[in-house]
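Hi there,

Here is the structure I promised to hand over. Have a look at it first, and then read on for what turned up in it.

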Amino acid sequence: MAGPMGGTLRERDMIVDVVDLQYAWRNGTGPVIDIPSLRIDAGERVLLWGPSGSGKSTLLGLLGGVVPPQQGRLRLLGQDLARMRGPQRDRFRADHIGVIFQLFNLVPYLSVVENVTLPCRFSSHRRANALRQSSSIEREAIRWLTALELSDREILDRPVVELSVGQQQRVAAARALIGAPAMVLADEPTSALDADLKEAFLGLLLNECAREGTTLLFVSHDRSFLPRFDRGVDFAALNRACPGPSAEPVPRRRIA
Amino acid sequence: MLGLALKSLRNRRFTAGLTVLSIALSVALLMGVERLRHESQRSFASTISGTDLIVGARSGPVHLLLSSVFRIGSPTNAISWDSYEAIAALSATAWAVPISLGDTHRGFPVAGTTAAYFEHYRYARERGLTLDEGRVFESAYEAVIGSEVARTLDYRSGRSMVLSHGAGNVSFQRHEEAPFRVTAVLRATGTPVDRTVFVSLEGFDAMHAGMRQGPADYDPLKGGRVRRPGAQHAEHDGRDEHKDVAQAITAILVGLKSRAAALQVQRFVNEYAAEPLTAILPGATLLELWSVTRVAERALLTIAAFVVAVGLIGMLTTLLTNLEERRREMAILRAVGAGPLDVMALVAGEAVFLTCAGALLGVALLYGFLLLGAPALQAHFGLFVEIAWPSGRELGVLGLVLALGCLVGLVPGYRIYRFTLADGMTVRL
Ligand SMILES: Nc1ncnc2c1ncn2[C@@H]1O[C@H](COP(=O)(O)OP(=O)(O)OP(=O)(O)O)[C@@H](O)[C@H]1O
Ligand SMILES: [Mg+2]
């Protein structure tokens, strides 16, 4: 998997290359995703905004290899996710992708440092990358936590469920970034934070990605962040399966 | 992955501990029932090893076996001394030991017999009886007692005891006039011998005769045993009840020169013309007994099996209730690279771990109970439990429980597998 990850490749090449991608949830009411084309270059920091229920999280699931693709071209780092089998996609995700959710990012029974080092347990590639930076993955975790302004011993020793939401999100960011993944997928990581914390968190995340050259795909309802990113994508315009922005949100008809 | 699983379990150690405990208790119960079944059969079977035939009055074979060897139930009817002599005189007979039963001493059965009993009786394959102290009785008013009699009543050799007449603890007539002297205590055998008071046949008779005459006037040994029937008792005709019992014995233990003759001798006894007799082969009769007890054993085992099922269903319930909460945790693990099968293994493996831990603890509990309870079992039920390694059958039962535990684990495993496939990137709870 490490093949296409050369340093020069990272700067030049496309990280995401999507053409005519379509997806429908099996129990859903029709296609959720229908994207003619989406390209993201290495090192780009992209804001993706769009209405609720328009399929943003579904797209992230496809890009992360959690949701198996159905139709169309889906290439990441030059590799065809559509052609991979499930376990290969899992490896690919472990090696190259960091994920931050909106909420509930941490495994409750693991310590802060254990949560951050989690990707290194699943990927020897990221473990090796981490060990290139520090003498141990725990040290590397602490280095990232420090970079995200969470160096307090007192915080590190506390059970993760006792951390504030803002602290939890920063721990999640450290976990997404450890071991130099090629891309970080962030699914509305700031929407549970209040305005000041939002700004602070976003600043830290953007800085670290820039410093590491990590590609960032950041999903949000809120397009006011746009100036701070390299580029913005209006999901409503990108996704043909998505009704226009003026329309009501997609009717969420669920099978009873 | 394993480290994660253990940490996750530690986080839920209270429910996990309860689950392990309930499985452990059910496993201990199941294996305990099986163990007691096995041990009681072994204990019964090892009680009569050297005896080829048991002869008594015509009755059910099981009844004869239980009363003559295990002192359970009422003794069979008396048989005459002549019959004993006829059987002892057979060419196939190596030895024959008469036994008279029906009396008790403070709750312990009294057996009238001859010194030959101590020579020929065998238990646990080839083991014979050993005297811990003293010597076998030589006169009518001497007794040899089993180890448990000695321990419970705190009797030693040399001490005298008063034997009563009639089965049961309370007797209407205490034979105060007939004190017996203990000459020896038998070493513990783990058989009903331990609970028996042995006296000579003459002593057994004297217990009754003594009612009128007192021991001083009565010493049947002087006359020799051959003249036993009739002669002495003619003196006190007033006590017909005693006369009949005294002239008779209850059963005969027979050893043959060759096992092959067993069926032939059995036929001879069964067709004996002078009085109706039964001869039984102890081994065959034990099998008959097992076929009777099998129903109860099956019922017990079935109940125990259901208890195990309840334990496993309890585990299934806790695993399934936890599942919803764990969907988020699983989504996180998936995000960092775990596949749906890893997630499934994590949940199913937990069931396997809990079952294994439960089974191990169950076995430990069983041996704990056995170690602590063995003396009580022996004291109250005369059941001598050997603390042995698990038998093949028990290991089989254990394996079955483990297999069922793994099977049960597949249910939440499969559910979480479906969840992780359906949830995608975000868990919507
Ligand atoms: N796991 C799932 N199973 C079935 N349908 C789903 C699943 N996840 C999402 N959907 C459906 O797909 C559509 C898009 O959902 P998605 O979560 O991708 O939207 P979103 O843009 O992320 O919304 P939000 O901004 O509210 O997070 C919705 O109609 C939703 O009901
Ligand atoms: Mg979403």
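**What I found**

Let's start with one residue in chain B: at 10% relative accessibility, B:D52 counts as buried. Before I go further, please keep in mind that this is a predicted model.

B:D52 has a salt-bridge partner, B:R259, and their closest N and O atoms are 2.7 Å apart. Why is this pair worth a look? B:D52 sits in the loop between α2 and β1 (53-57) of chain B, while B:R259 sits in the loop between β13 (251-256) and α10 (262-270), so the pair ties together parts that are 207 residues apart in sequence. Unlike the buried B:D52, B:R259 counts as exposed, with 60% relative accessibility.

**More salt bridges in chain B**

Searching the whole structure gives 27 salt bridges over all chains. The general idea is that side chains of opposite charge can pair when their charged atoms come close.

Another one to find on screen joins B:R42 and B:E39, with 2.9 Å between the closest N and O atoms. Where do these two lie? Both belong to helix α2 (residues 13-45) of chain B, and because they are three residues apart there, about one helical turn separates them. B:R42 is partly exposed, at 23% relative accessible area, whereas B:E39 is buried, at 2%.

Then there is B:R135, which forms a salt bridge with B:E142; here the closest N and O atoms are 2.9 Å apart. B:R135 counts as partly exposed at 32% relative accessibility, and B:E142 is buried at 8%.

You can also look for a network: salt bridges link B:R12, B:R326, B:E329 and B:E350. Take B:R326 as your way in. You'll find B:R326 in helix α11 (residues 282-335) of chain B, and at 4% relative accessibility B:R326 counts as buried. What does B:R326 touch, leaving aside neighbours within four places in sequence? The contacts are B:S8, B:R12, B:L346, B:V347 and B:E350. Two of the network's members, B:R12 and B:E350, therefore turn up in that contact list as well.

**Where the two chains meet**

Now zoom out to the place where the chains come together. On one side 26 residues of chain A make contact, and on the other 24 residues of chain B. The size of an interface is often given as the accessible area lost when the parts come together. For chains A and B that is about 2300 Å², with 66% of it on carbon and sulfur atoms. Which three residues give the most of what chain A buries against chain B? They are A:F101, A:Y109 and A:F122, which supply 31% of that area, more than any other three residues.

There are charged and polar links across the interface too. Between chain A and chain B the count is two salt bridges, and one to look up is A:D90 with B:R334, whose side chains meet at 3.2 Å, N to O. Five residue pairs are in polar contact between the two chains, both residues being at pLDDT 80 or more.

Which parts of chain A face chain B? At least two residues each come from α2 (56-63), α3 (86-96), α4 (112-122) and β7 (183-187) of chain A. Among these, α4(A) gives the most to the side that touches chain B, with five residues. That side of chain A divides into 16 nonpolar, three polar and seven charged residues.

**One residue in chain A**

A:M84 lies in the loop between β5 (79-80) and α3 of chain A. Is A:M84 buried or exposed? A:M84 is buried, with a relative accessible area of 10%. Beyond four places in sequence, A:M84 touches A:Q79, A:R89 and A:F92.

**How far to trust it**

The predictor gives the complex an ipTM of 0.86 and a pTM of 0.75. Chain B averages a pLDDT of 81, and 86% of the residues score at least 70. Two stretches of chain B need care: pLDDT stays under 50 over residues 166-173, and also over residues 210-246. Where pLDDT is low, the predicted coordinates should not be read in detail.

Happy browsing!

How values were computed. Residues numbered from 1 in each chain as written. Chains lettered and ligands numbered in written order. Heavy atoms only, no water. Contact = heavy atoms within 4.5 Å. Buried area = accessible area lost by both parts, 1.4 Å probe. Salt bridge = Lys/Arg side-chain N within 4 Å of Asp/Glu carboxyl O. Polar contact = N/O pair within 3.5 Å; in protein donor to acceptor, adjacent residues only side chain to side chain. Helix = DSSP H or I, 4+ residues; strand = E, 2+ residues; numbered from the N terminus. Nonpolar A, V, L, I, M, F, W, Y, C, P; charged D, E, K, R; others polar. pLDDT = per-residue confidence, 0-100. Buried < 20%, exposed > 50% of the residue type's maximum accessible area, 1.4 Å probe, protein only.
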